[in-house]
Amino acid sequence: MTDNKLRSADPKLEHQARQGLRSLVLAALGVVYGDIGTSPLYAFREALHATGGSGAHHANVIGILSLIVWALTIVVTLKYVTFVLKADNRGEGGTLSLMTLAREGFAGRPKWVLVLGVIGASLFLGDAIITPAISVLSAVEGIEVVAPALSNWVVPITLTIIAVLFFVQRFGTSGVASVFGPVTALWFVVLGVGGAIHVFDDPSVLGAVNPLHAVRYIAHNVGSAIAVLGAVFLAVTGAEALYVDLGHFGRRPIVIAWFSLVFPSLLLNYFGQGAFVLANPQTAEHPFFSMHPEWARIPMVCLATAATVIASQAVISGAYSLVRQAMHLNLLPRLRVLHTSETQSGQIFMPQVNNLLFMFVAVLVLFFQNSSALSAAYGIAVTGEMLITSILLFVVMRRIWSWKLATALAVIVPISLIDSGFLAANIAKFAEGGWVPVAVASTMALIMQTWTAGRRLLAARTKADEIPLAAIIDNLARKKPLTVPGTAMFLTSDIEGAPTALLHSLKHYKVLHEQNVILSVVTSTTPFVPDDEKIFLESFNRHFSRLVITFGYMETPNIPRALVLARRLGLKFDIMSTSFFLSRRTILPSKKGGLPFWQDRLFISLAQNASNATDYFGLPSGRVVELGLQTII
């Protein structure tokens, strides 16, 4: 009887599982593939322009199409879909997740792996300011095909769309996200159908699947090959999003979306553009919009604009997530994080990051004016990040997956050579605009290095002045001060030493609470920490205990919620009679030792602009006592 019930329930459960998978695949289309899905707007066009004016003749078109086909196949399908997506850190992806996973393979956690992670994260932020600018610009430029007289309005319209996009971030993406998937799915269907129709203009373009055409093109056009490769790489920008958003959807929906819709649609559209240009060489200036009939061009401009806004949204959300990860890994100072959803912890808004991104994106649009000029700035950041991903993936293959050296090299060497080739091709565009993401990434890397070095120096200075906690407890046991009712929780980053706030409280107030908890918050190398592993509680005597709360680097530290877990382990306290004591440090630069004076100033500025601990840890502001002190670094 029971077996029959189980068998009859199985079809329903399977149906629910299929429905859930379909929903994830649809959502992944909008978030994961928005960026790479807008590449057909400009990738093939820029590759044609990079041929040096030799024209849209058959050899050029077939060679470029072959390069695009095999770039999508090797970089996206082979590297990211087949290998990188398997390198998840407890389900999470992205450069910093891969870095923490790679460091776990070494006993000493070498600094060079951390440096690679910092550079990769910095390059992603450099890419994040270019994607909204070039994507929205390229879509709005469709106006030039529909109504050439309105060409002067391209930049103002682009800036308006971008301003609205960044303004609505504060309201959250949950409402807008519900339409991301369907709109992007429609976009890919239109890409595929529109391209398939025009393949019949010159079916010979299908021969581009033969990689020999790519090899011959490079061999016969050495002079323009670097420029063409730099433009061809535009077709795979956005591939890194597959890995960054792994934690949101899981590997299976991302893989299904790629093979079932995204990859075929992209190939068909590129083939269609190639065939259309061969049949109509005069349309090489704007092949994407020109290949659609006049009645469809305005709808295509609108749909393309919607697709580019979605692509930009995904990059902006990714920037928020990456900065939050960096904060929790102590690579950046605490910044204000606002949650825009009551149910989805990953949906956040960071005002300071949002304002900086908007400022940089707007400046890029005003400076470059069109997507062709801006394409020169696009690529260095992405290729650099992709190369770093390959290096870290090799470490994971050897140290975590225990692959043999020959096997790991057989996979990584060809992929790294391709990454290096694309990087070299994009470096050639440095003077034309490639310096922009490099400058942004270098600035972010400097900020991260300054923050980590400054924190290390500050911790050393603080530790030198601290007294061991055991000595304080023994001393108070011998000379008991006046005790007052209630619980005092002293926040400290040093688990062993006596909190500075405790010492200053005893010095100034001359009293001790009935219960004193030395509270430390630790960030794990894993994305999430289960509740049963989050709390470590140790009692010294009836007056003193130590509480260590461990959060994953993807979690938002919330002390009051964690204290509920501590209560289950026997920590008795009343939140209404509990005071949280924090040290507020005033940092002063030192002319001798430590960091260079200018870097001291930068670290102090970062510390002054960091979010306060009360907001960051979700403490009840009415129960917080801050004690100030000065520290020279």
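**Note on helix α4 and three individual residues**

1. Helix α4 has a kink of about 30 degrees, and the centre of this kink is at Thr77. The model is a predicted one, and the points below should be read with that in mind.

2. The length of α4, which covers residues 58–83, can be checked against its residue count. With 26 residues at 1.5 Å a residue, the helix should span 38 Å, and the C-alpha atoms at its ends are 35 Å apart, which agrees. As to its surroundings, α4 is mostly covered, since 19 of its 26 residues are buried.

3. Helix α14, made up of residues 251–279, packs with α4 in such a way that the two axes come within 10 Å and cross at roughly 175 degrees. Because angles over 145 degrees count as roughly antiparallel, α4 is roughly antiparallel to α14. On the α4 side the contact is made by His58, Val61, Leu65, Ile68, Val69, Leu72, Thr73, Val76, Thr77, Val81 and Thr82, so that Thr77, at the centre of the kink, is also one of the residues in contact with α14. On the α14 side the contributing residues include Arg251, Trp258, Phe259, Phe263, Tyr270, Phe271 and Gly274. Sorted by character, the residues of this contact comprise 17 nonpolar, 5 polar and 1 charged.

4. A general point helps in reading the list of contact residues: an α-helix has 3.6 residues a turn, so residues three or four places apart point the same way.

5. Is Glu46, a residue of helix α3 (residues 43–49), buried or exposed? Its relative accessibility is 9%, and because the cut-off for a buried residue is under 20%, Glu46 counts as buried. When neighbours within four places in sequence are left aside, Glu46 is in contact with Ala231, Leu234, Ser372 and Ser375.

6. Asn330 deserves a look at its backbone, as its phi is positive, about 65 degrees, although the residue is not a glycine. Asn330 is located in the loop that runs between α16 (294–328) and β1 (338–339), and with a relative accessible area of 34% it is partly exposed.

7. Gln369 also has a positive phi, near 70 degrees, and is likewise a residue other than glycine. The loop that holds Gln369 lies between α17 (351–368) and α18 (371–375), and the relative accessible area of Gln369, 40%, makes this residue partly exposed.

Definitions and conventions. Residues are numbered from 1 along each chain as its sequence is written. This is a predicted model: local features need pLDDT of at least 70, side-chain atom pairs count only at pLDDT 80 or more; totals for chains, interfaces and linings use all residues. Side-chain values use heavy atoms; hydrogens and water are left out. Helices (H or I, at least four residues) and strands (E, at least two) are DSSP runs, numbered from the N terminus. The expected span of a helix is 1.5 Å times one less than its number of residues. The bend at a residue is the angle between axes fitted to the seven residues ending there and the seven starting there. Buried means under 20% relative accessible area, exposed over 50%, partly exposed in between (1.4 Å probe, protein chains only). Axes are lines fitted to C-alpha atoms, for helices over the stretch in contact, and angles run from 0 to 180 degrees between N-to-C directions. Angles under 35 degrees count as roughly parallel, over 145 as roughly antiparallel, 65 to 115 as roughly perpendicular and the rest as oblique. Contact means heavy atoms within 4.5 Å. Ala, Val, Leu, Ile, Met, Phe, Trp, Tyr, Cys and Pro count as nonpolar, Asp, Glu, Lys and Arg as charged, and the others, Gly among them, as polar.
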